[in-house]
Amino acid sequence: MKVSWADSDAPNRITIEGVLSTSPSYVKFVAADAPNTWAIPVSAFPPDGNYKVSVGIGTSTGGMSSKLASSPVFDTSGPVRPSGASATPTGKGDVLIRWTVPPTPEDFSPHDPLDVPAKTQLYVPVVGRPGQPLRTAGPGTTSMRQVVKDLKPPYLFQLRAQNEWSTAVGGQISARSSTTEASIPAAAQYGLPIRIRGRSILKEVVCADEGSCVQQRTTMSGLPVVLLTQVTPHGRWTPAGRGKTTSGGHYEIPVVTSASRPYKVMTQDYSEIGSVASQSTSKARLTQTVTRIQTTGFLGGAMKKRGETVTAIVVVRPAMNTVVTFQSWNKVTRHWAGLRVPMRRGTAVVAFKVTQPGIFAYRFVIPKAMSLGRPLLGKTTQTLALSVR
């Protein structure tokens, strides 16, 4: 700031005086033969306040010998910190940054000669990447939006708001990259619910005032996750369930088992004011479906009389049409002997007459099948004990 005055070639003292302060915040002595002007660096003024500049005749040793001549009161209105910054990818690695700025504080000395002109506050984008210091990422702008080139998570974004008085940092965005882990069962029974659990790990950038920025692991709750599946081989991946991460980045998604199919979990792109998380997907793993035995046994119970006809039944899901094997245990050969029985819509029935007393063992063997282009694993029922008297 250039200060000028008129006097009779006398030594002068220049001071900055705050309206509410009792002592000057800046003092400069100028020799008698020096020009009657002096440039006060802007850094000598506190960034926000109301001040005046005063000049009088005096020296550092002899004190003051005149009244002070003072400028009008003026304000040193530093920049208003930007806030509410958000990031939106625009393709090809570019990101559109938008931000808002709170209202300018009330001016207690309006229309003074040093008022900052309206809409001249400049916003300079600054980005911190792992292993690099905070660096300017584009030209300063008076707009409330800017496209920043080649910006991919993880990074730390800041805005440096500048005007003729000072600089203020605001509008920060922590953009994190993500890694998704999923625990997917290798096998499950048809029609029963399973729970797919996992965790989303984030990497963020932390920058100190000096030196390079560093990358560190973190987690976040509230991240949306989607369970994807492929209904048929080489088909599209479609949603099968949804969830959100909880504390520690953990998630749990329930899904009812149908035909054998692969699953994977995707952490979706996430964006809110001041925070961004990028998409990631876990490895795909196949969950093979096992035929579920819904019911099996002997009609009328497992206690029969000699000469009575026994009916054995098995009901499975899915309700398929196939041929199952009804086996009996041969105590002499110590092997299972089998009888092929048709199954219709998931139900197989076999009837036979018992002629000897004793305890006998039977079981059904359900074969492997195909469903929607993938194998449906078979299953053997528990041993069915029949008592004949």
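1. Strand 30 and strand 31 pair in the antiparallel sense over nine bridges. Two strands count as paired if DSSP finds at least two bridges between them. Strands here are DSSP runs of E, at least two residues long, numbered from the N terminus. The model is predicted: local features need pLDDT of at least 70, side-chain atom pairs count only at pLDDT 80 or more, and totals for chains, interfaces and linings use all residues. Residues are numbered from 1 along each chain as its sequence is written, and side-chain values use heavy atoms, with hydrogens and water left out.

2. The connection of strand 30 and strand 31 is a hairpin, with four residues between the two strands. R334 sits in the turn and has a positive phi of about 55°. For the register, take V323: its bridge partner in strand 31 is P342.

3. Strand 30 also pairs with strand 33, again in the antiparallel sense, over four bridges. Here F326 has F364 in strand 33 as its bridge partner.

4. F326 and F364 reappear in the largest nonpolar core, which has 22 residues. A nonpolar core is a set of buried Ala, Val, Leu, Ile, Met, Phe, Trp, Tyr and Cys residues joined through side-chain atoms within 4.5 Å. Buried means under 20% relative accessible area, exposed over 50%, and partly exposed in between, with a 1.4 Å probe and protein chains only. The members that touch the most other members are F298, F326, M343, F352, F364, I366 and L386. At least two residues each come from strand 29 (309–317), strand 30 (322–330), strand 31 (335–344), strand 32 (347–353), strand 33 (358–366) and strand 37 (384–388). Strand 29 gives the most, with four residues.

5. Which residues does I366 touch, leaving aside those up to four places away in sequence? They are T291, I293, V314, V316, M320, V324, M343, G378 and K379. Contact means heavy atoms within 4.5 Å. Apart from the core of point 4 lies another core, of 16 residues, among them W99, F157, I173 and A175.

6. An open sheet of three strands has the order 9-10-13, with antiparallel pairing. Strand 9 (83–91) and strand 13 are the edge strands, and each pairs on one side only. On average, neighbouring strands of this sheet are turned by 20° against each other, direction ignored. The angles are taken between N-to-C directions, from 0 to 180 degrees, with axes as lines fitted to C-alpha atoms, for helices over the stretch in contact. Strand 9 and strand 10 run antiparallel and are joined by six bridges. S86 has R98 in strand 10 as its bridge partner.

7. The structure holds four salt bridges. Each is a side-chain nitrogen of Lys or Arg within 4 Å of a carboxyl oxygen of Asp or Glu. One of them joins D94 and K149, with the closest N and O atoms 3.4 Å apart. D94 lies in strand 10 (residues 94–100) and K149 in the loop between strand 13 (145–148) and strand 14 (155–162), so the pair ties together parts 55 residues apart in sequence. The two ends differ in burial: D94 is buried, with a relative accessible area of 15%, whereas K149 is exposed at 58% relative accessibility.

8. R195, R197 and E252 are linked in a network of salt bridges. E252 meets R195 at 3.0 Å, N to O. E252 lies in strand 21 (residues 250–256) and R195 in strand 17 (residues 193–206), so this pair ties together parts 57 residues apart in sequence. The closest N and O atoms of E252 and R197 are 2.7 Å apart. That pair also links distant parts of the chain, with R197 in strand 17 and E252 in strand 21, 55 residues apart. How accessible is E252? E252 is partly exposed, with a relative accessible area of 39%. R195 is partly exposed at 42%, and R197 is partly exposed at 41%.

9. The structure holds one disulfide. The cut-off is a pair of cysteine sulfur atoms within 2.5 Å. C207 and C213 form the link, their sulfur atoms 2.0 Å apart. The link of C207 and C213 is right-handed, with 110° about the S-S bond. Are these cysteines buried or exposed? Both C207 and C213 are buried.
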